[in-house]
Amino acid sequence: MNKQVTILAIESSCDETSAAVVVNGCQILSCIVSSQIPIHQRFGGVVPEIAARAHVEQINTVIEQALCAAYPIIKPREALIKEIDYLAVTHGPGLIGSLLVGVNAAKTLSMVFNKPLIPVNHILGHVYSNFLQEQENKCEMRNAKCKSIENTNYNNSSDTLHSAFCILHSPFITLVASGGHTDLILTKGHNNHQLIAQTRDDAAGEAFDKAAQLLSLSYPGGPSIAKSAINGNPEIYNLPRGLSKIHTLDFSFSGLKTALSQLINEKRKSNINIPTIAPDLASSFQESIIDSLVSKTVQAAIKYDVKNIFLAGGVAANTRLRTEFANTASLNNLIFHAPLIEYCTDNAAMIGAAAYGSVLLKHYESCYDVNVTREAELKL
Ligand code: KG4
Ligand code: ZN
């Protein structure tokens with residue numbers, strides 16, 4: 001494929017309304033994210049009904065802004081007609097009301113402008129966020145030694161934009177750790193993604209959010225726990241590592257949350273002021289999650305004989321997690337990849353990246369067949 005492929009992608013699966021213009025699955029021309037965090041903050045979590053309404057209010061503006069940012073000298077309508085080759089949209093998994101807003105916007109544009117529409121699995125979007133980068137005409141993977149470029153089918157050196165996808169020619173494992181999922185996915189090609197392990201209860205991001213509530217830290221919990229943990233000692237409290245003693249790649253974080261809650265109650269009974277010990281609690285809690293995520297991912301890489309491990313999802317924005325992954329990967333002779341920090345949490349650029357995989361496979365549907373789906377959950 002020599003022609004550049006330009007995709008207008010839309011994401012609205014949870015509490016971020018986002019639209020992006022992405023070229024050849026990796027070069028971001030624009031990515032607008034309207035976050036609802038301030039709206040949901042006072043509830044300590046996402047309220048589905050409020051989220052859907054907020055998406056309705058934002059979606060048109062966000063799409064228009066993404067087109068204007070990518071093509072400043074022409075009108076959004078003209079950009080859609082002349083520049084955009086495909087539309088892409090998250091069709092699941094996610095909050096049904098939220099998903100419907102993005103899917104209906106994408107279907108409308110697809111019908112009006114007669115562009116093919118690609119439905120994208122949100123989790124695979126996170127996987128493909130590893131291929132995104134902002135610099136023009138340069139598509140090396142961040143943190144990656146993309147050594148297999150010469151060995152790929154995309155060996156036309158003028159075709160540099162395809163090179164980011166070279167890694168798909170060797171299998172890799174991605175840990176997707178977000179607010180709703182903690183999945184290990186084995187990828188062997190654009191159409192070959194296998195769920196090999198998942199959380200048996202809470203997702204890692206959900207655990208961070210619940211722990212932040214217990215410690216009276218702000219929502220979303222991940223960034224506030226990480227911030228508090230900077231001043232704490234991770235070794236003061238020995239919190240449990242879920243499912244570490246049984247032979248499984250699955251994760252579990254609900255016991256950790258309960259242990260933290262019990263510890264806080266004990267300290268309160270002993271008249272200890274929780275805010276003063278919050279950094280140590282946050283740091284010990286974060287360490288337990290990091291330990292589980294890193295060790296299970298490395299075990300999976302060894303079990304499936306895979307050299308490359310990828311990180312993705314909102315929790316991947318955690319710098320301590322990224323450092324620990326990089327260190328452990330290098331000790332085990334593995335190559336570690338992580339997305340740019342700003343593309344870890346939900347965004348439409350990653351949806352455009354994943355959609356490009358479908359374009360390469362020529363997998364796209366009539367917009368009439370694209371619908372919000374529960375089937376988007378990957379199956380074990
Ligand atoms: O991927 P994402 O934006 O949305 C879902 O698909 O769920 O992930 C959001 C989750 C939240 O639970 C949030 O607390 C967590 O990612 N998160 C973090 C960090 N930034 C966001 N967790 C740990 N450390 C962070 N720096
Ligand atoms: Zn997500």
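## Exercises: cysteines, a histidine and two cores

This structure has zero disulfides (pairs of cysteine sulfur atoms within 2.5 Å). We're working with a predicted model, where local features need pLDDT of at least 70, side-chain atom pairs count only at pLDDT 80 or more, and totals for chains, interfaces and linings use all residues. Residues are numbered from 1 along each chain as its sequence is written, and side-chain values use heavy atoms, leaving out hydrogens and water.

**Exercise 1.** Sort Cys 31, Cys 68 and His 190 into buried, partly exposed or exposed.

*Solution.*
- Start with the cut-offs: buried is under 20% relative accessible area, exposed is over 50%, and partly exposed is in between (1.4 Å probe, protein chains only).
- Cys 31 has 22%, so call it partly exposed.
- Cys 68 has 34%, so that's partly exposed too.
- His 190 has 16%, so it goes under buried.

**Exercise 2.** Find where His 190 sits and which side chain it makes a polar contact with.

*Solution.*
- Look in the loop between strands E7 (182-189) and E8 (192-198); strands are DSSP runs of E, at least two residues, numbered from the N terminus.
- Now go 62 residues along the chain to Tyr 128, whose C-alpha atom is 9.9 Å from that of His 190.
- The two side chains make a polar contact at 2.7 Å (N or O atoms within 3.5 Å, where one must be able to donate a hydrogen and the other to accept it; residues adjacent in sequence count only if both atoms are side-chain atoms).

How values were computed: Chains lettered and ligands numbered in written order. Helix = DSSP H or I, 4+ residues; strand = E, 2+ residues; numbered from the N terminus.
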